[in-house]
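Okay, thanks for making room for me this morning. I'd like to walk you through a model, so let me put it up on the screen.

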Amino acid sequence: MILVTGGAGYIGSHIVRQLCLKKEKVLVVDNLSKGHKKAVDTGAKLIVGDFGDENLLKEIFKKYDIQAVIHLAAQSLVGESMVQPEKYFEENIGKTLSMLKVMLKANVKKIVFSSTAAVYGEPETWPITEDFPHKPTNVYGYSKLVIEQCLEWYRQIHGFNYVSLRYFNAAGADPAGDIGEDHNPETHLIPLIFKVILGEQDELTVFGTDYPTPDGTCIRDYIHVNDLAEAHILALNKLNKDESGVYNLGNQKGFSVKEIINVAEEVTGVKVKVRYGQRRPGDPAVLVASSEKIQKELNFSPQFGDIKTIVLTAWKWHKNNPRGYDR
Ligand code: UDP
């Protein structure tokens with residue numbers, strides 16, 4: 001059985017669905033602070049609780065035959081992390097360390113860890129390879145880097161195997177259209193564009209038009225959430241070979257904010273009302289992954305690499321669920 005923390009969240013729910021499709025037994029632990037019960041595949045078992053609750057985890061490891069953990073549960077708002085760093089130290093570092101302690105006691109030594117491109121900070125060149133300097137410019141990225149480094153010590157000292165996946169920009173939704181992105185508050189570009197298109201929000205603010213990029217707006221590497229999910233399954237295979245590794249997870253292609261707006265307009269046939277605003281603090285100009293390592297070592301091959309497909313699948317979800325799961 002695979003334990004997925006945060007399995008009711010946007011990325012987690014897509015991973016859980018892919019695991020269930022592959023007939024894996026899946027146990028989700030999610031406190032539903034951000035996740036949604038309805039997002040969890042009916043083939044998985046959901047325990048509503050906090051992954052940082054040591055007693056709960058001890059019980060779970062006693063009761064279920066857990067082979068590996070996919071650890072997604074975390075706080076992930078960059079802006080918030082710079083206002084309340086203590087929350088990120090406690091939630092992302094403290095609770096993960098206590099979970100690792102319980103895993104060690106239970107002799108479960110395989111973990112896929114969801115990390116982030118934010119560990120690189122603001123690199124001046126791209127594509128970004130895994131050996132670029134680790135210089136996070138926000139507490140969120142720092143909190144993920146600390147756990148990556150702890151996992152490496154756990155590997156050397158306790159014989160753990162881990163795969164850290166450094167996500168670039170997760171986007172899109174399962175083509176079925178019944179699970180997708182639903183954050184409250186929403187801060188991500190693609191769902192915000194659709195909120196404007198669906199009349200849930202008046203306009204979209206583009207954060208900065210004076211970046212050193214061809215059209216002046218930030219460039220990001222968007223990866224479809226189902227491709228991201230598939231990478232987690234490849235990571236589990238690697239753990240089963242008693243191997244560890246750290247990988248970027250992106251598409252190796254960059255799109256500016258303006259280009260994403262254009263794609264959304266093309267896909268929906270609706271013009272997006274845009275306001276050009278100031279830069280958002282902490283946003284690097286360009287973040288584009290090199291995906292060579294994961295392609296070579298894990299045979300990762302994205303199925304939804306085309307940006308139009310990514311945006312179209314997101315549109316299907318938002319159109320069907322303009323107010324998300326519950327609202
Ligand atoms: N962005 C924007 N307006 C918004 C939200 C995001 O211009 O209302 C830009 C943001 O500055 C970044 C890109 O869109 O360059 C992607 O942002 P998102 O928050 O989706 O992901 P991030 O790159 O921060 O992980």
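I'll go through the ligand site, then three helix pairs, and then a few spots in the loops.

Quick housekeeping: this is a predicted model, local features need pLDDT of at least 70, side-chain atom pairs count only at pLDDT 80 or more, and totals for chains, interfaces and linings use all residues. Residues are numbered from 1 along each chain as its sequence is written, and side-chain values use heavy atoms, with hydrogens and water left out.

Okay, the ligand. Which residues are closest to the ligand? There are 15 residues around the ligand, and the closest are Leu-189, Thr-205, Arg-220, Arg-280 and Asp-283. "Around" here is the near criterion, one heavy atom of the residue within 4 Å of the molecule. Three polar contacts are worth pointing at, and by that I mean a pair of N or O atoms within 3.5 Å; within protein, one has to be able to donate a hydrogen and the other to accept it, and residues adjacent in sequence count only if both atoms are side-chain atoms. Asp-283 puts a polar side-chain atom 2.6 Å from a ligand oxygen. Arg-220 has a side-chain N or O atom 2.8 Å from an oxygen of the ligand. With Leu-189 the backbone does the job: a polar backbone atom sits 2.8 Å from a ligand oxygen.

Now the helices. Helices (H or I, at least four residues) and strands (E, at least two) are DSSP runs, numbered from the N terminus. Axes are lines fitted to C-alpha atoms, for helices over the stretch in contact, and angles run from 0 to 180 degrees between N-to-C directions.

Start with H1, residues 10–21, against H7, residues 225–240: the angle is about 60° and the axes are 8 Å apart. That makes H1 oblique to H7. On the wording, under 35 degrees is roughly parallel, over 145 roughly antiparallel, 65 to 115 roughly perpendicular, and the rest oblique. The H1 and H7 crossing is right-handed, meaning the near helix is turned clockwise from the far one by less than a right angle; anticlockwise would be left-handed. Contact means heavy atoms within 4.5 Å. On the H1 side, the residues meeting H7 include Tyr-10, Ile-11 and His-14, and among their partners in H7 are Val-225, His-232 and Leu-236. By class, the H1 and H7 contact has nine nonpolar, four polar and no charged residues. For those classes, Ala, Val, Leu, Ile, Met, Phe, Trp, Tyr, Cys and Pro are nonpolar, Asp, Glu, Lys and Arg are charged, and the others, Gly among them, are polar.

Next, H8 (257–268) and H10 (307–320), again packing at about 60°, with axes 9 Å apart. That makes H8 oblique to H10, and their crossing is right-handed. Ile-260, Val-263, Ala-264, Glu-266, Val-267 and Thr-268 in H8 meet Ile-307, Lys-308, Val-311, Leu-312 and Trp-315 in H10. That contact splits into eight nonpolar, one polar and two charged residues.

Third pair: H2 and H4 (85–105) have an angle of about 30° and axes 10 Å apart. H2 and H4 are therefore roughly parallel. From H2, Glu-54, Leu-57, Lys-58 and Phe-61 reach Ser-98, Met-99, Lys-101, Val-102 and Met-103 in H4. Here the classes come out as five nonpolar, one polar and three charged.

Just ahead of H2, Asp-50 lies in the loop between E3 (45–48) and H2 (54–63). Leaving out residues up to four places away in sequence, Asp-50 touches Val-29, Asn-31, Leu-56 and Lys-95. A polar atom of the Asp-50 side chain is also 2.8 Å from the backbone nitrogen of Gly-52.

Last, the backbone oddities. Most residues other than glycine have a negative phi, and most peptide bonds are trans. Leu-32 has a positive phi of about 60° without being a glycine, in the loop between E2 (26–30) and E3. Trp-126 to Pro-127 is a cis peptide bond, omega near 0°, and Pro-127 is in the loop between E5 (110–116) and H5 (139–158). Asn-184 and Pro-185 are also joined by a cis bond, omega about 5°.
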